[in-house]
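Me: I would like to work through a model with you and learn how its features are read, one at a time. Could you show me the structure, so that we can begin?

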Amino acid sequence: MKKIEAIIKPHQQEVTIDALKAAGIQGMTVSEVKGFGRQKGQTELYRGAEYQVDFVPKIRIDLAVDDDMVDKAVEAILGSARTGKIGDGKIFILPLEEAIRVRTGERGPEAL
């Protein structure tokens with residue numbers, strides 16, 4: 001099992017979620033987050049004055065998937081979230097040691 005964390009632009013949220021559903025992903029958690037990468041924030045304009053925003057709004061999508069679904073999930077994210085511009089985001093894939101469904105106590109891939 002793997003945990004996939006995708007950080008994407010907010011306006012790509014709906015299309016990315018739809019692509020993940022179409023790829024067969026059955027569950028995910030979506031959070032509004034703020035951060036910065038190489039672009040070091042962005043410059044905004046407010047009432048004619050420029051100011052620096054250190055943290056850029058992003059969307060984080062967390063998925064727990066069986067090993068055979070990792071490539072499908074990653075391709076769905078890449079195909080839907082990529083705009084080709086700076087700040088498109090990142091995908092992190094982490095080993096997932098255990099998953100437990102709280103309601104039934106199921107463990108492992110069955111809990112996903």
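What follows is a conversation about the fold, the sheet, the helices, the core and two single residues.

Me: Before anything else, what kind of model is this, and how many helices and strands does the protein chain have?

Reply: This is a predicted model, and the protein chain contains two helices and six strands. Followed along the sequence, these elements give the pattern β-α-β-β-β-β-α-β. The C-alpha atoms occupy a box of roughly 55 × 25 × 20 Å along the principal axes, and buried residues make up 30% of the 112 residues. As for contacts with a separation of 6 or more, 69% of them link residues 24 or more positions apart.

Me: Turning to the sheet, in what order do the strands lie, and is the pairing parallel or antiparallel?

Reply: The order is S2-S5-S1-S6, in an open sheet of four strands whose pairing is antiparallel. S2 and S6 (89-95) are the edge strands, each of them pairing on one side only. Neighbouring strands are turned against each other by 20° on average, when direction is ignored.

Me: Which residues could I use to follow the pairing from strand to strand?

Reply: Starting at S2, this strand pairs with S5 over seven bridges in the antiparallel sense, and serine 31 stands opposite arginine 60 in S5. S5 in turn pairs with S1, again antiparallel and over seven bridges, with glutamate 5 opposite aspartate 62 of S5. Seven bridges also join S1 to S6, the two running antiparallel, and here isoleucine 8 has glycine 89 in S6 as its bridge partner.

Me: What should I expect of the side chains along a strand?

Reply: In a regular strand they alternate between the two faces of the sheet. With that in mind, one can turn to the helices that pack on this sheet.

Me: Which strands does each helix touch, and at what angle does each helix lie?

Reply: H1 packs on the sheet by touching S1, S2 and S5, and its direction makes about 10° with that of S5. H2 also packs on the sheet, where it touches S1, S5 and S6, and its direction makes about 5° with that of S1.

Me: How does one read the two sides of a helix such as H1, and which of its residues are buried?

Reply: One asks which residues are buried and where they point around the axis; in H1 the buried residues are Thr16, Ile17 and Leu20. They lie on the same side of H1 because they cover an arc of only 100° around the axis. The face turned away from this buried side carries the exposed residues Glu14, Lys21 and Ala22. The buried residues of H1 pack against S1, S2 (29-35), S5 and H2. Just after H1, glycine 24 adopts a positive phi of about 100°.

Me: Which residues hold the most contacts inside the largest nonpolar core, and which elements supply it?

Reply: That core has 17 residues, and those with the most contacts inside it are Ile4, Leu20, Ile25, Ile61, Leu63, Val65 and Ile77. At least two core residues come from each of S1 (2-8), H1 (13-22), S5 (56-65) and H2 (70-81), and H2 gives the most, with six residues. Isoleucine 77 makes a good case to inspect: residues up to four places away in sequence aside, it touches Ile4, Ala6, Thr16, Leu20, Leu63, Arg82 and Ile91.

Me: Where does glutamine 12 lie, and is it buried or exposed?

Reply: Glutamine 12 lies in the loop between S1 and H1, and it counts as buried because its relative accessibility is 12%, under the 20% cut-off. A polar atom of its side chain lies 2.8 Å from the backbone oxygen of serine 80. When neighbours within four places in sequence are left aside, glutamine 12 is in contact with Ser80, Ala81 and Thr83.

Me: And proline 95, is that residue buried or exposed?

Reply: Proline 95, found in strand S6, is exposed, with a relative accessible area of 70%. Apart from neighbours within four places in sequence, proline 95 is in contact with Met1 and Lys2. Between proline 95 and threonine 16 there are 22 Å in space from C-alpha to C-alpha, the two being 79 residues apart in sequence.

Key: Residues numbered from 1 in each chain as written. Predicted model: local features only at pLDDT ≥ 70, side-chain atom pairs only at ≥ 80, totals over all residues. Heavy atoms only, no water. Core = buried A, V, L, I, M, F, W, Y, C linked by side-chain atoms within 4.5 Å. Buried < 20%, exposed > 50% of the residue type's maximum accessible area, 1.4 Å probe, protein only. Contact = heavy atoms within 4.5 Å. Arc of directions from axis to C-beta. Pairing = 2+ DSSP bridges. Axes fitted to C-alpha atoms, helices over the stretch in contact; angles between N-to-C directions. Polar contact = N/O pair within 3.5 Å; in protein donor to acceptor, adjacent residues only side chain to side chain.
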